[in-house]
Amino acid sequence: MEGRNHSSDSLASNSSNSKLGRDSASSSRGSAVKSLSSSTSASNEYFPDFDSKVTIKEPSIVDSPTPLLTGEKIQGAARDVTYLCPFIGPVRGALTVTNYKIYFRSSDREPPFILDVPLGVVSRIEKMGGASSRGENSYGIELICKDLRNLRFAHKQENHSRRNVFEKLQQHAFPLSHRMGLFAFEFKEEYPENGWTMYEPVAELKRQGLPNESWRITKLNENYDICDSYPAVWAVPAAATDEELRYVASFRSRGRLPVLSWIHPESQATITRCSQPLVGVSGKRSRDDERYVQLILDANAQSHKLFIMDARPSVNAVANKAKGGGYESEDAYQNAELVFMDIHNIHVMRESLRKIKEICFPTVDDVHWLSAIESTHWLEHIKCILSGAVRIVDKVENHRTSVMVHCSDGWDRTAQLTAIALLLLDPYYRTLRGFQVIIEKEWLSFGHKFAQRIGHGDDRHSDADRSPVFLQFIDCVWQVTRQFPSAFEFNEHFLITILDHLYSCLFGTFLFNTEQQRMKEDVKQQTVSLWSFINSHTDEFINPLYCAAYVEQHVLFPVASLRQLRLWTNYYCRWNPRVRPQEPIAARSRVLVSLRSHLQRRVQELQKELDARLARGTTAVSQSNEGRSTAARVSSPIYRTIGDYEIGAKWQWKFNTSTISTHLLTASLLSLLFMFAIGLTFFGIQSSRLSQKQAELTNLSLAIIQIQTEVQMELKELKNLREEMNIALYSNADSSGDNGDIINNREKRSDYNKGSQNNNQRSKTSKKSKRKRDENSTTNNDVLSKHSSNTKHAPKVTAVHLERNVDFVTTGSSGIINRWHPQYWAPANNSLVVENLKLEDNNSSLVIPSTGLYLIYAQVLCYAATKDNNSYEVRVISQGATSSQSKIIAQCSAGTTILDNDITCYTSVAQMLQVNDRVYLQQIQKNRHLLMSMGRSFLGIVKLI
Amino acid sequence: MSSFKTYVDITEHGSEDYEWVINDEDHPKLEPRLLPGEVVVASASNVLKFASVSNRKHGISGCLYVTNFKIAFVSTTSNYAGNPKDERNKLLSQNEVCLANIDQIYQVNGERRKKLLPGTSIITNVKTIQIVCKDFSVHSYSFKFCPVGFHKTVINAILHHSFPKRIELLFCFECTLPPTQTVHEMQFFTNGHDWESEVERCHCNEGWRVCSANENYQLSASLPQAFVVPRSLSDNQILKASKHFMGNRPPVWCWGHINKCVIVRMAVLHTFITDTQQESIMLEHVRKSHPNLREPLILELDKSMPTLAEIHASWCKLRDSSCCPLDNIQKFWENDSRSLSLINGSRWPHHVMICLRMANRVVEAISQHQVSVVLQETESRDLSAVISSLAQLIMDPHFRTINGFQSLVQKEWVTLGHAFTKRFGRISEYENQQSPLFQLFLDCVWQMQHQFPMSFEFSETYLTSLWDSLHNTVFDTFSFDSDRIRHLTSTQPQQQQQQQDGEQGSPVALISRSVWDWSSQFHDVDIGLFLNPLFSITCRVAAYRQRKGIPAANYHNVNNLVPRWIPGLSSHNDGGSRPRRNSISGSISALRATEYGAAENKKTDTLGRSWGSRFGLAALPEHGNSVGTLSRASSNEGAGSGGGSSRWKRIRGALFHSHGRSFSPHQQKISSIEEGMEMPLMSSSHHDTSAVTYRASRGIVDLGQHPQTQQRWTVYGAAVYDPIPSYPIKLEPNKKPLKLDLGKEWEEFKPGKDPGPDGGDIPYHELDWPVYSMLPVADSFVDFRLWSQCYLRWIPVLDVRGGGHPPVYFHQCALVNDILSLESQLDKLHQCQLQHDLSNNGEADISSSPSQRFVTMSDHSPGQPGSQVTLSSFHPFVQQQNDSALSFGEWEIVPSPVISGSTFRSTGNRAVEAEFDSDSFVTD
C-alpha cells in the first residue's frame, strides 16, 4: 500500500507521532495525521476548532502515512481494498494492519475516508466468499467486533492480498492464541499523571473511616494464598481472628469469604461481599461461617438483622446446590434475611446483548423500535440490577441495616450490585476519580474476570465465559446519570471511553482476571493505565452540569422502572447515522461555563484598566464614577458561584427581618459612601492630591465592607440573644410579640393571625439572608400563652397533651418525632388554666417552664411492616446541652411477630425536671412509619408539684 | 413559597380543628375555595381519597364537594389550612379537578370496575369511584365512611354536571371573574388588523389580501370574519366558490415563506358536487399568487394521515395502558416490563412522528422546491391545523417565542375554527367526535423542543402548563367550535340562543378570559419557569453573528446534529475508539461533497448545512448517488399528469407506513427531493435583493458573504430576537412578565457599537451554538420520546426525586443569569471607559442590574435553602419539601413496601416500589 516499507520503519512512525500534540488541534482536515485518541489531548472537544493548517511535512511519503503510536509497527498492507460501509456504500482504498489496529484509508475521496479500529475490539474474523464467488465485493474479510459493529472489506481476487491480511489480522487480533504479547505491553506513552497510583486500598479504607473499633484491616491475603481472586488487603470484623477467616474461606465458593466493601460513615451499616456458601445438596453448615456472619451483624450496633442479598433468581440458587453451592438457610443464620434479586446469569446477558446488536446494527427497525427494544430484555436486566442496588441502598441508608451481597462466585452480579450501590450512597464515587476508585476496587481488585469476560487477545469467540457484565454496569451508571444529570462529575464521554478501552488492549487496566495475575505480570510497570490517560485530559470528561453544592450530598434513588429507563443509543447505536443523539444540553452548558469565565476575566481586566486610568485621571467626573461603581460592587453582589443558587434576587417580595435590617444598613452605608464620594469630589476640585484620596476611598470602602459583615454578625448574635430573651419572657404573653427588630413591629398585628412559627425555624431562615418577605414569619413563640391571658382566678395547671393530626408519618433519620401539636382541654368554665408550655425544635421538644416534678406519658403506635419491634425513648436534654448529652428517662419497647400489625407502646414516668429542660421522643429505629392520628400516638406532660 | 405553611397553626384554628375528621361532619374550615360565580352543588363528608398508584388501603379523609366548576377534595392536610397563596395554581389547587377535565367515571368494586355512564344516576351503594381525567390523572375516592346517602348525591352530581348538554352550561358563562387584561404583545387574529399585519410580516402583500367577505359569518360559520385570500380573487368569486366546499371553507392563507411560497388550508368539495371547476379556480388563483406562478402542492391529509377516530383511540390506549395510574401498585409493576411495547402498541408514537413527517414534507416543498402547499382536509379544521402550525414552527423562528407561539395557536387553532367543543368533548352529545388533536400538536412541539432545546423561548414547563389549562373552563380559548360562536356568545347572548336551539334560557353573556393571561393562573415566579434560559443566548448569538457579519467558516453546529460516529467521518476517530465531536463538523460538508460530487454543497456551510446534512445523511443508505441538487422546477413537471378529476397534483395515500422515508411510489418527483434534501438556505438568488433590504429591519439576519462563492447567506426571522441589552423579558412583581419587545434596532446593541480594543468583547461568534432559522426536525420513530414530564407525572413512584430535568434547568438559569449580569457589567464598564475617554461631563446612565433574569432555585423556593428542597423531576411547580406532610399530604399514607418484609419474597423482578422519606435526601 504505502510507498515505503513501514513495517521496519519505526523511526518514521515515531516522527509522525511526535507531531501528535500539534495535530490534534487540526483534526478536521482529514489530511492531517490523526492518531489515537488516547495519546492526544482533545480539550477543544466542544469548541470550534480553528482549522489550523498543520499538515505533515514529510516529502518522502507520497501517500499519507499510517499514524502510529509509540511501539506500534505496521505488519501488513493491501491496496485496492473496498470497505463495504453499511451506511454510505462501498469505499475503495488501502488497508494497513499494525500490531495495534486496522487502518483503512480511502483513495477515491477527498477528504479521505478513514477507518481506524483497534484490533482488540475484533471478536471474530471471517472470510467472505471463496475462489468461486462471483460478483463485485463478494470476496473478502469480515470482522465481527465486540463494540456492536461489523466491518466488511472486499478484496480483489487477482492480487491475493486477502490471505496476507487475514493472517496478519488473525495473529495480531488474537495475540494470546498465537503465543504473542498484548499490545499494551508495547505501548509506552508518557502521561503527566500516573493512573496506577490512583487507587490505594488502604487509603480508600481509611477514607471510609477504617479501621475502627469493629472493623480491622488485614493483609492476611498478601500472597493470595487464602483466596487467589481477592485483593491483598481486606477489611474484616475486628472480632474475627485470622484463623477463623481461613475456616470461613473454606466454606465459601473459591474462598471468597465476606469482606467489607463499604461502611456507612454515620450508622456503621456495612455492605459486604462474598460468594455463595458451599451448602450443597445435603445442606452442610459451617459454624465458623455462621459466627462470622453474626460478627458482621454485630459490628453494626443499630440493627438486629442482616440482609443477605442473593443476586440470583431463587431457582438458580437452588440449582446451584447440586454443584455444591447454594444459599444461606434461615435456620442456620438466625438473624439474617435472605432476598433473591432475580438477576440472570452471564449467558442470558450475552444473549440479550446479541439481540441488541441485531436491532441496532446495521439497520434500525423503525416502526417496531420500542417493541424491538423490549424484546431484547436488555432494559429489563438493567432494571433488575438497578432495583437491586436501590434495595441495598434503601437498607443501608434508611434502615441502617448491614447488607451482605453475593451471587454464585461473587465477581459478576455481586460486583454490579455493590458498585452501583456504592455509587448511589457515596458522593465521592460520583466524582471523576471516585469512579475510577470504584472500578479499581469493586471490579479489578475483587477479581471480576475481565480477561475471560471480554476475551482479550483470544480467538475463542464463542467462549461461554464471555459476557457483557461490565458493559451492563456502565449502562446502569449511564441510566443513573441520565436520571440525575447534575449529580455526577463525569460525562457520558467518559463512560464511552472506558468501554472503548475495555476492548482496545491499549492500556493495562482491564487486562487479566485477578489482582494476583496482574501482580505476576507486572502490569503496573509494563503497561500504561487508562486512568493515566483520563486524568491527564480531565477537561474532556467533566460534566458541565455537575453541581456539587446542590445534589452532590444526597443519596440517589433512581427509579427502576422501564418507563424511566432508556436504551443507550449513544453507545449501542452510535454507528448508525440514523439514530441521532439529542442536541447535547451538557455541551451547551459547557459553552456557557466557558463564556462566563471569559466574561469574568474580561470584566476584571476592564475594571483593572479603568481603575488604572482613574488612578491617573484628574477629572472630577471620573471620580464620581469610581465612587459609584465601588458602591455598586458593595451593594449588589451580582454574581457569586453558581453552586449555591443564591445570586442576588430581584423579586424582593419576601423579606425577613434580618435582610431588611441589612438593607437598611447597606443603604445607610451607601449613602454614607456616596456622601463621602461627593465630599471627595468637592475636595478633589480644590485639591490636587486626588490620587491619594482615591486610594483612601478604596480603603474606606473596604473597611466599610468589613464593618458591614461585622454588623451582620452582630445582628445574628442579637437575634440569638433575643431568642433567649423570648424564652425568658415566655410568660409575658402580650409583650412577647416583639422586642427585636424595628421592622417587625409592622407585622405585629398579622402575627397572631398568621399562625405560629417556632423560633427555631425562623432563625434558620433569617440566617439565609434572603430578601423575601416571609409572610408567615412570626414571633409568637409561646403557643399556649394566649389561652391563659384572661383568667386570673382559676386554678392553674401546667400540663399539655400533644398529638399530631396526620395518618402517617415517617420519622426521619434522627428518629425524633416532631411537629407535635398541642391538644387543648376545652376551657369550658375557665375553671382550669393551662399554663405555658412551649414547643421547640420543629415542635419536637417540650420546654419545661419551671422546675418541678412532672409526670410524662407517651404512646407511640407503629406500623409493623416488618417483623420488628417498636421502641422509643423519652429523652431529656438540659438547657445548653448538645443532643449527645441528652439522657433517657424512659424507654418503651414492644414487639410483634404478626406482620401488618400495629404495635403500640405506652409508657409514663414521673421525673424531676429543671427549667428549660426539653423533653422529646426519639424513635430508636430510623425511618419508621408511625400512625399519628388522634389518640394513637401522643406525648403529654403534667406538672405534679 | 409554600415553605412556611403553618402546620402548627393554633392561633388561627382553635382547638376543634384538630379533632379527627370523622367525628365532625360540617366542619367550618373544610370548605373549598370558590371562584366568583361558582356554586356548590353537592357535598359529602368523610370521603377517603387514595393516592394514585397505591394499594388503596389508606386514604386521607376529607370532604368532597361538587361545584359547577370542579370537584374539590378538602381535607385538613390539604393546603386550604395554609395560605391560599401557597397554591401553585390560583384557580385549581392540587386536589381539585375541573369538571370539563373528567373523561370517565368508574365504579370500583374490588378488582372489578364498571363504567358509569353520563346522564344516568346510580341507585346502588357505591363504595369507591375512580375518575379518569383527560389530562391522564386519576382520582379515587372512597365513600366507605361517608354518611349514608351522601355518596349518591355526589356521584349523581358529578355524572350530571361533568357532561353538560349545552355549551351555555360551561362554567365560563357563569364565572364572574373579571375579564382578562388583553395580552398586548401577541396577536389574537380576531380582527382583520392582525391578519393584515401577519400578511405583511410574511411579505405576502403582493399576492394576498385580507378579505372581509365573511362579515357576520355569512360565508362560513367556522371561519373568522376576516381571512386572507389571493389578491386576484374577488369577494364574489369567493362567495360563489365557498358554497362548493365542505363547511363553506374556501382556501385560506395561513403563512408565507420569504420566498413567497405559502401554506394554504382548504376544505374538500362537497361529496355531492362532481364538478371540480370551482376548486380548480381557487387553486389557479393560489398559483397566480406565487411570484413564479408555480403550481401548489396539494397534500390530501384525509388520505395520508390517520383518521381522527384512530388518533383518539390511540390516545385512550396510551392513557389506559401505560400512562394512567389506574392500576394499583402491584399491577403497575407487573405491567412495567411491558410498558415499551404497550406504548408502541398504542400507536401514539406513530401518530406523533407522522405529523412531524408531514410537517417536514410541507417544509421541504416550500423551502426547497419553492412551491406553495395546500393542505386539503374534509373541513380543513383538524389535521391541517396540526400540520400547518408545525410547519410554521419549523420554518419561522418568530413562532418559537412565547408570544409567537401563542399567536400561532390563536391563528391556526382558535380563529380558523378548530372545533374544540367537539374534539375535547365539552358537550355530551359530541362525545364520540372527540379527538385529541391539540394534545397531539403539543406533543409534536415537545418533540421538537426536546430535539432543539436551545431554539425555543418557552420551556417544557410552559407546554405542560398549557396542557393542564386545556380543560380549565374558566377560559374560553379552548371551549368553542368557531370564532362565530365565541363572538356571538360574548356579544349577543339572547339572539344567539334563539338562533341556536330556540330554547328559553337565561341570557348569558360570556366574559372573555384568555388562557394566555398566565398571571390569572400562576404566580410570577412560576411564570418565570416558562422561560428557557438558553434561548436568550441563542438570541445573542444570532444577533451577534448578524451584526458582525460573521463568515460561515467559523460556524460549527452540525456536529451536534449528526451522529458522531458516521463511519464515513471517522477520519477523526482517533484510533477508532473515541468519538471526537468537534471534528465532524468540518468533515460533514467534505463527506457530502465527495458523496455527491456537487460543488454547490460546499456553499451551504452555514445554516443550510445543518439542514442539508441531516437529510442528506439520513437518505444515504438507500439512495447513495441519486441526490444531487434538486431541480427547482420539478414540481411543475407533474402538472397535467395528475390523474383523476383534476389536473392538480396531489399527494395522497399511505405515504409513510412501510418505509421510513419513502414517498408514495407514484410521486417520483417528490420522492427524489425527499432523498436529496439539499437546502441552499434562501440564498439571495431566490428572492430579489430589494426584498432583502426591505426586510432587513423586519426579519432577516444577514450572515455575511461566503468567502469563496461571494454568495450572501441570510437567515430569516432572526430579527425577532432582540439584541443583547434590550432583550426585555422581565420578571417583576405586579407586572406581566412575558414581553418581547420587537422594535429595537440592531444599532442599539451597545457592546457591538463600541467594540473593545480586541474587536469584540463577548465572543458569541466563537460559541459553538446553533441558531436555526429552520429546525431540521428528526421524524423517524427511533427519535420518538415519551413526554414523561407530562404523561407520567401522576404516577408518584416514577418521580425521580432530586433528579431529572429541574436541577439542570436551574443550573442553566443560574449560568445564564451570571452571564447576563456580567454582560451588563461589561457594558457599564465600557460606558465608563467611553466617558472617561471623551471626558464627558454628562452623567452616565449606569444601571447595574441586567435586563433579564431567570428564576433560580432560591427564587423558586424562598425560605428554604436550596439543599432542603427536593424537586420533583416531573414538574417544577411541584416541590418536594423536607416535610412531606405539607405539600404531599396524601403521599404519606403509602407505607413503603420496601420496608415490608412480606413483599420481599414475592417481588420477583419487580422494582422497588420506593416511597422514600425525604429526610434521607438531606444531609444536615
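Here is a short chat about cysteines and one helix in this predicted model.

Analyst: Residues are numbered from 1 along each chain as its sequence is written, and chains are lettered from A in the order in which they are written. The model is predicted, so local features need pLDDT of at least 70 and side-chain atom pairs count only at pLDDT 80 or more, while totals for chains, interfaces and linings use all residues; side-chain values use heavy atoms, with hydrogens and water left out.

User: How do you know that A:Cys892 and A:Cys905 form a disulfide?

Analyst: A disulfide is a pair of cysteine sulfur atoms within 2.5 Å. Here the sulfur atoms are 1.8 Å apart, and A:Cys892 and A:Cys905 form a disulfide. Over all chains, the count is one.

User: What makes the disulfide of A:Cys892 and A:Cys905 left-handed?

Analyst: The torsion about its S-S bond is about -105°, so it's left-handed.

User: Why is B:Cys254 called buried?

Analyst: Buried means under 20% relative accessible area, exposed over 50%, and partly exposed in between (1.4 Å probe, protein chains only). B:Cys254 has 0% relative accessibility, so it counts as buried.

User: And why does B:Cys316 count as buried?

Analyst: Its relative accessibility is 14%, so B:Cys316 counts as buried too.

User: What puts the buried residues of helix H5 of chain A on the same side?

Analyst: Helices (H or I, at least four residues) and strands (E, at least two) are DSSP runs, numbered from the N terminus. In H5 (residues 242-251), A:Glu244, A:Leu245, A:Val248, A:Ala249 and A:Phe251 are buried. They cover an arc (directions from the helix axis to the C-beta atoms) of only 155°, so they sit on the same side of H5(A).
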